[in-house]
Amino acid sequence: MTKHEWETELKKCLRQLPKDEQNKVLAYYHELYADQSEAGKSEKQILNEFGNPADAAEKIMSDYGCTLPTNPLPRKASTPGSFATTIFIMEVIIFIWVLLAAVVVIWSIVATILTVGYAMIAASIISLFAQFSGGIAIGVRLVYAAVTLVSFALAGVVVPHTIKICQGAIKATSLIWKLLFGWYFKKQKGELK
């Protein structure tokens, strides 16, 4: 232990004292050290005579009517790296939520496309029957016929591709699933060490 380390430790132990009292104690030991050094003693000899800084602080604190806490050094709030670990865990959680949101979006789009496709079929059938109802002008019947053709055309695009759309969504979902939990399954199979 060096003189600086000894004084730093003593100061930590005296933190309950007012600042001016701490400075007086440190000045006393600094002067005592200087006198011992001039007398030819080495740093090691002087510090051995001073003793343990915690013991010296305990004696000084008792002179002031204070007691030295059982743990004079302040505890650290966290271990080194714990903040970085916390940030990493938060990033992983956010990443997982983003991927799960992507799955929800993919399946929402699939459901919307399929719903629109089958709704077009229903609209086509309804407009087909509406054309033959009585009392409708010829212009309105032409509009109904156009809606019927457009509805059948759109339904004809979506409905035949229903299986392909679902297969694409399943592939995207399985890819995201592998991104999230693939490491776990590899570990179970013994591929990951």
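Which backbone oxygen does the side chain of Gln22 reach? In this predicted model, the partner is the backbone oxygen of Leu17, at 2.9 Å. Gln22 lies in helix α2, which spans residues 19-38. The chain has seven helices and zero strands. This briefing starts at Gln22, moves out to α2 and the core, then turns to Ser151 and to confidence.

**Gln22**

- Gln22 has a relative accessibility of 5%, so this residue counts as buried. The cut-off for buried is under 20%.
- Setting aside residues up to four places away in sequence, Gln22 touches Lys11, Leu14, Arg15 and Leu17.
- Leu17 therefore appears twice: its backbone oxygen takes the 2.9 Å approach from the Gln22 side chain, and Leu17 is on the list of residues that Gln22 touches; Gln22 itself is buried at 5%.

**Helix α2**

- Helix α2 is 20 residues long. From first C-alpha to last it reaches 28 Å, close to the 28 Å expected at 1.5 Å a residue.
- Its buried residues are Glu21, Gln22, Val25, Leu26, Tyr29, Tyr33 and Gln36.
- These residues cover an arc of only 135° around the axis, which means that they sit on the same side of α2.
- The other side of α2 carries exposed residues: Lys19, Lys24, Tyr28, Glu31 and Glu38.
- Cover for the buried residues of α2 includes α1 (3-13), α3 (43-50) and α4 (53-63).
- Just after α2, Gly40 adopts a positive phi of about 100°.

**The nonpolar core**

- The largest nonpolar core holds 16 residues.
- Trp6, Leu10, Leu14, Val25, Tyr29, Phe50 and Ile60 have the most contacts inside this core.
- Helices α1, α2, α3 and α4 each supply at least two of the core residues.
- Val25 and Tyr29 are on the list of buried residues of α2, and both are among the core residues with the most contacts.
- Leu14, another of those core residues, is touched by Gln22.
- Which residues does Trp6 touch, not counting those up to four places away in sequence? They are Met1, Tyr29, Leu47, Phe50, Gly51, Asn52, Pro53 and Ala56.
- Tyr29 and Phe50, two of the residues that Trp6 touches, also rank among the core residues with the most contacts.

**Ser151 in helix α6**

- Ser151 sits in helix α6, which covers residues 138-158.
- Is Ser151 buried or exposed? Its relative accessible area is 3%, so Ser151 is buried.
- Leaving aside neighbours within four places in sequence, Ser151 is in contact with Met120, Ala123 and Ser124.
- The C-alpha atoms of Ser151 and Val116 are 9.8 Å apart, although 35 residues separate the two along the chain.

**The whole chain**

- Along the sequence, the pattern reads α-α-α-α-α-α-α.
- The chain has 193 residues, and buried residues make up 22% of them.
- Among contacts with a separation of 6 or more, 65% join residues 24 or more positions apart.

**Confidence**

- The average pLDDT of the chain is 77, and 79% of the residues score at least 70.
- Confidence is highest in α2, at 88, and lowest in helix α6, at a mean of 72.
- Residues 72-79 have a pLDDT below 50. Beyond near neighbours in sequence, this stretch has seven contacts in the model.
- Where pLDDT is low, the predicted coordinates should not be read in detail.

Notes: Residues are numbered from 1 along each chain as its sequence is written. This is a predicted model: local features need pLDDT of at least 70, side-chain atom pairs count only at pLDDT 80 or more; totals for chains, interfaces and linings use all residues. Side-chain values use heavy atoms; hydrogens and water are left out. Helices (H or I, at least four residues) and strands (E, at least two) are DSSP runs, numbered from the N terminus. Buried means under 20% relative accessible area, exposed over 50%, partly exposed in between (1.4 Å probe, protein chains only). A polar contact is a pair of N or O atoms within 3.5 Å; within protein, one must be able to donate a hydrogen and the other to accept it, and residues adjacent in sequence count only if both atoms are side-chain atoms. Contact means heavy atoms within 4.5 Å. The expected span of a helix is 1.5 Å times one less than its number of residues. The arc is that of the directions from the helix axis to the C-beta atoms. pLDDT is the predictor's confidence in each residue, from 0 to 100. A nonpolar core is a set of buried Ala, Val, Leu, Ile, Met, Phe, Trp, Tyr and Cys residues joined through side-chain atoms within 4.5 Å.
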